[in-house]
Amino acid sequence: MSVPDSSITTAQRYIDFLLSREKSLELPVIPRHCVISYVPDVIGQMKALHSHRTLTLGVTNPMQLYFFTPEDGRSFAMARGMHGAPMAAVQLEELIALGCEEFLVIGPAGHPTAKLLPDMQLGELLLATRAMIFEGTSPHYGRSGHSLPAAGSVERLKITLQDLGLLFRQGTVATTDALYRETEMFINELLEQQVLAIEMELSALCTVAECRGKNLAGLVFISDLVRTDGSWDIAPSTKVYYNVVRHLTNAVRGYVEQ
């Protein structure tokens, strides 16, 4: 994938501006690995397990960053994911400008289905192997159709999940800008393309990572079922959700320690 024409506005220039503006701000040593989490409870679990430093970076929409230094493992960062493809891409650009190079994205996703018994259940894990582009950010980077996570990162995450004994599926995710425009026609289109999950950030994140020569993998859990009969099953039970949090926390720990 070729890098688009140079932009006047860049994440590096913005980070440099922030650092020059806030003279007292001292960045820690930036780790290679960064987890972008759309599940706040996973960040909470990691904060309870490891010593960390919190950093708020930005002006109008500050980014919350956590830097972890486990006594018996590799240092890594976590960022609270920003919602929607445009802001997700902005955040990833800024994390790359800071110096992070390896990314794991975790978060919720809906499962499109026309079946009474859907292919995936609430709380089930899906390792993304492809991300269909139904968002408007990727075309600004010269990408349309679909984007791909880094093959090596996908394999590494797969091995991590297998080593942990976690059940998961592999397949295609679709990224949309419009949560409340998942129509019957759109869901049928996704089903024709064998899409297993739909969310709002991953294809743009894969596009930006590829454009910048960085590695990124995505792991989602099924948070809702979107049915072509017009029904919408929203959110797993509390018990299922906290099992997901435990599984994702273990996956993060295993992934960054590899």
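**View 1. Q194, an exposed loop residue of this predicted model.** Q194 counts as exposed because its relative accessibility is 65%, and the cut-off for that class is over 50%. The residue sits in the loop between helix 5 (184–192) and strand 9 (195–199). Its backbone stands out too. Phi of Q194 is near 60 degrees, a positive value, and the residue is not a glycine. Most residues other than glycine have a negative phi.

**View 2. N188 in helix 5.** Is N188 buried, partly exposed or exposed? At 30% relative accessibility, N188 counts as partly exposed. Its place is in helix 5. A109 makes a useful marker here. N188 and A109 are 79 residues apart in sequence. In space, their C-alpha atoms are 17 Å apart.

**View 3. A235, in the loop ahead of helix 7.** A235 lies between strand 11 (232–234) and helix 7, and that helix covers residues 238–257. Phi of A235 is positive, about 75 degrees, although the residue is not a glycine. How accessible is A235? Its relative accessibility is 41%, so A235 counts as partly exposed.

**View 4. The buried face of helix 2.** Helix 2 spans residues 40–49. Which of its residues are buried? They are V42, I43 and M46. Seen down the helix axis, these buried residues fall within an arc of 100 degrees, so they line one face of helix 2. Several elements help to cover them. Among the covering elements are strand 1 (33–37), strand 3 (63–68) and strand 4 (76–80). Strand 5 and helix 7 also belong to this cover.

**View 5. T249, a buried residue of helix 7.** T249 lies in helix 7. It has 4% relative accessibility, so T249 counts as buried. What does T249 touch, leaving aside its neighbours within four places in sequence? Its contacts are V42, Q45, M46 and L49. Two of these partners, V42 and M46, are buried residues of helix 2.

**View 6. L248, next along helix 7.** L248 is also placed in helix 7. With a relative accessible area of 0%, L248 is buried. Not counting residues up to four places away in sequence, L248 touches V39, V42, I106, L125, L219 and F221. Look at L248 and V42. They are 206 residues apart in sequence. Yet their C-alpha atoms are 6.9 Å apart in space.

**View 7. The largest cavity and its lining.** How many cavities of 30 Å³ or more are counted? The count comes to one. The volume of the largest cavity is about 70 Å³. Its lining includes Y38, V105, I106, G107 and P108. Also in the lining are E199, E201, L202, G218, L219 and V220. Strand 5 (102–113) and strand 10 (215–227) each give two or more residues. Which element gives the most? Strand 5 does, with four residues. By class, the lining holds seven nonpolar, two polar and two charged residues. I106 and L219, both in this lining, are also contacts of L248.

**View 8. Helix 6, mostly covered.** Helix 6 runs over residues 202–211. Nine of its ten residues are buried. The buried set includes L202, S203, A204, L205 and C206. T207, V208, A209 and C211 are buried as well. L202 is also one of the residues that line the largest cavity. After helix 6 comes G213, with a positive phi near 70 degrees.

**View 9. A217 in strand 10.** A217 belongs to strand 10. Its relative accessibility is 0%, so A217 counts as buried. Leaving aside neighbours within four places in sequence, A217 is in contact with F103, L104, V105, P149, S153, V154, L157 and Y255. V105 is also in the lining of the largest cavity. How far from A217 is R227 in space? The two are 27 Å apart, C-alpha to C-alpha, and ten residues apart in sequence.

**View 10. The annotated span, residues 44–256.** An unreviewed UniProt entry annotates this span as "domain: Nucleoside phosphorylase". In the model, the end C-alpha atoms of residues 44–256 lie 17 Å apart. The span is 33% helix and 33% strand.

Methods
Residues are numbered from 1 along each chain as its sequence is written. This is a predicted model: local features need pLDDT of at least 70, side-chain atom pairs count only at pLDDT 80 or more; totals for chains, interfaces and linings use all residues. Side-chain values use heavy atoms; hydrogens and water are left out. On a 1 Å grid over the protein atoms alone, a cavity is a set of points where a 1.4 Å probe fits but cannot get out, and a pocket is an open set with protein on both sides within 12 Å along at least five of seven lines; lining residues have an atom within 4 Å of a point. Grid points are joined across faces, edges and corners, and a volume is the space filled by probe spheres set on the points. Ala, Val, Leu, Ile, Met, Phe, Trp, Tyr, Cys and Pro count as nonpolar, Asp, Glu, Lys and Arg as charged, and the others, Gly among them, as polar. Buried means under 20% relative accessible area, exposed over 50%, partly exposed in between (1.4 Å probe, protein chains only). The arc is that of the directions from the helix axis to the C-beta atoms. Contact means heavy atoms within 4.5 Å. UniProt positions are given in the numbering used here, feature names are shortened, and annotations may be inferred rather than shown by experiment.
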